[in-house]
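Good morning, and thank you for coming. I shall speak briefly about how the interior of one protein chain is put together, and then about a pair of its helices. Please look at the sequence and the structure as I bring them up.

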Amino acid sequence: MTPPVPSPPFVLAPRQPRYDTVDALRGLAMVWMTVFHFCFDLSHLGFWPQNFRADPFWTSQRTVIVSLFLFCAGLGQAIALHQGQGWPRFGRRWGQIAGCALLVTVGSVVMFPQSFIYFGVLHGMAVMLLVARLTAGWSRGLWLAGLLAVALPPLAHHLLTGAWADAAPWFNSRWLNWLGLVGRKPFTEDYVPVLPWLGVMWWGLASGQWLLARRGAWLQWRLPTVLRPLAWLGRWSLSYYMVHQPVMIGVLMAVAWWRS
């Protein structure tokens, strides 16, 4: 009688390494965003009035913060594809981002009923991540695609406020302004349309592919102890993003109530 063949032992799949440099860069964006949002909350609640819609000091900071987030998202996609991440895992993460985007919309309707968020950074990221995933094979073409994505909105603005003014109401409507080809920005608390921001994510994806192919050690650089908290924060970016504003607004509202 042939003895039974023993089944192979259960082996856990090796844990994919983290890229602390990317996590720390994302963590830096989180810290900067927190300071920015805290100042916004102070202004919104009347503690420190500021013009966040027009003052270049604030608008330029917002541009850099969003750029950091989306560039890191592109880097993250390059790393995920390099590590063989399949569609099921991507889909789970994408579902978390899309679900959080919906929660942001619901919460902003309560806080800002006249200017609620219907296509903010998480909404834009959900769309852009799908596009980035589907176009990752463009390789060097991603650089040119990113350049076109960044160049199209100012061109559209020029045309829609000039020769194509008749078409402006269509492109400025909520049904199409999420594309970013508008003659004027909509009145909303957070607006991150597909264009030009997809260009930043494409550049992040292209940079990640180049670094992984030629300078992988740069992404695996061992962080100094003082920067490791940034990397930890960067690994929990979505959870932190969803929690930080309700906490800060709640604390400031309590202070305003106590002072009244």
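Let us begin with the interior of this predicted model. Its largest nonpolar core contains 56 residues, and Leu70, Leu122 and Met201 have the most contacts inside that core. Two or more residues each are given to this core by α1, α2 (56-82), α3 (87-111), α4 (121-135), α5 (141-160), α7 (194-214) and α10 (237-259). Which element provides the largest share of this core? That element is α7, with eleven residues.

Let us stay with α7 for a moment. Of its 21 residues, 15 are buried, so α7 is largely enclosed by the rest of the structure. We may also check its length: at 1.5 Å a residue, α7 should span 30 Å, and its end C-alpha atoms lie 29 Å apart, which agrees.

I turn next to leucine 122. Setting aside neighbours within four places in sequence, leucine 122 contacts Ile97, Cys100, Ala101, Val104, Leu238, Tyr241 and Met242. As general background, nonpolar side chains in soluble globular proteins tend to be buried together.

Finally, consider a helix pair. The axes of α1 (residues 20-44) and α9 (residues 228-235) come within 6 Å and cross at roughly 85 degrees. Angles of 65 to 115 degrees count as roughly perpendicular, so α1 is roughly perpendicular to α9. On the α1 side, the contact includes Asp20, Asp23 and Leu28, while α9 contributes residues including Leu230 and Arg235. By class, this contact has seven nonpolar, two polar and four charged residues.

Terms used: Residues are numbered from 1 along each chain as its sequence is written. This is a predicted model: local features need pLDDT of at least 70, side-chain atom pairs count only at pLDDT 80 or more; totals for chains, interfaces and linings use all residues. Side-chain values use heavy atoms; hydrogens and water are left out. Axes are lines fitted to C-alpha atoms, for helices over the stretch in contact, and angles run from 0 to 180 degrees between N-to-C directions. Helices (H or I, at least four residues) and strands (E, at least two) are DSSP runs, numbered from the N terminus. Angles under 35 degrees count as roughly parallel, over 145 as roughly antiparallel, 65 to 115 as roughly perpendicular and the rest as oblique. Contact means heavy atoms within 4.5 Å. Ala, Val, Leu, Ile, Met, Phe, Trp, Tyr, Cys and Pro count as nonpolar, Asp, Glu, Lys and Arg as charged, and the others, Gly among them, as polar. A nonpolar core is a set of buried Ala, Val, Leu, Ile, Met, Phe, Trp, Tyr and Cys residues joined through side-chain atoms within 4.5 Å. Buried means under 20% relative accessible area, exposed over 50%, partly exposed in between (1.4 Å probe, protein chains only). The expected span of a helix is 1.5 Å times one less than its number of residues.
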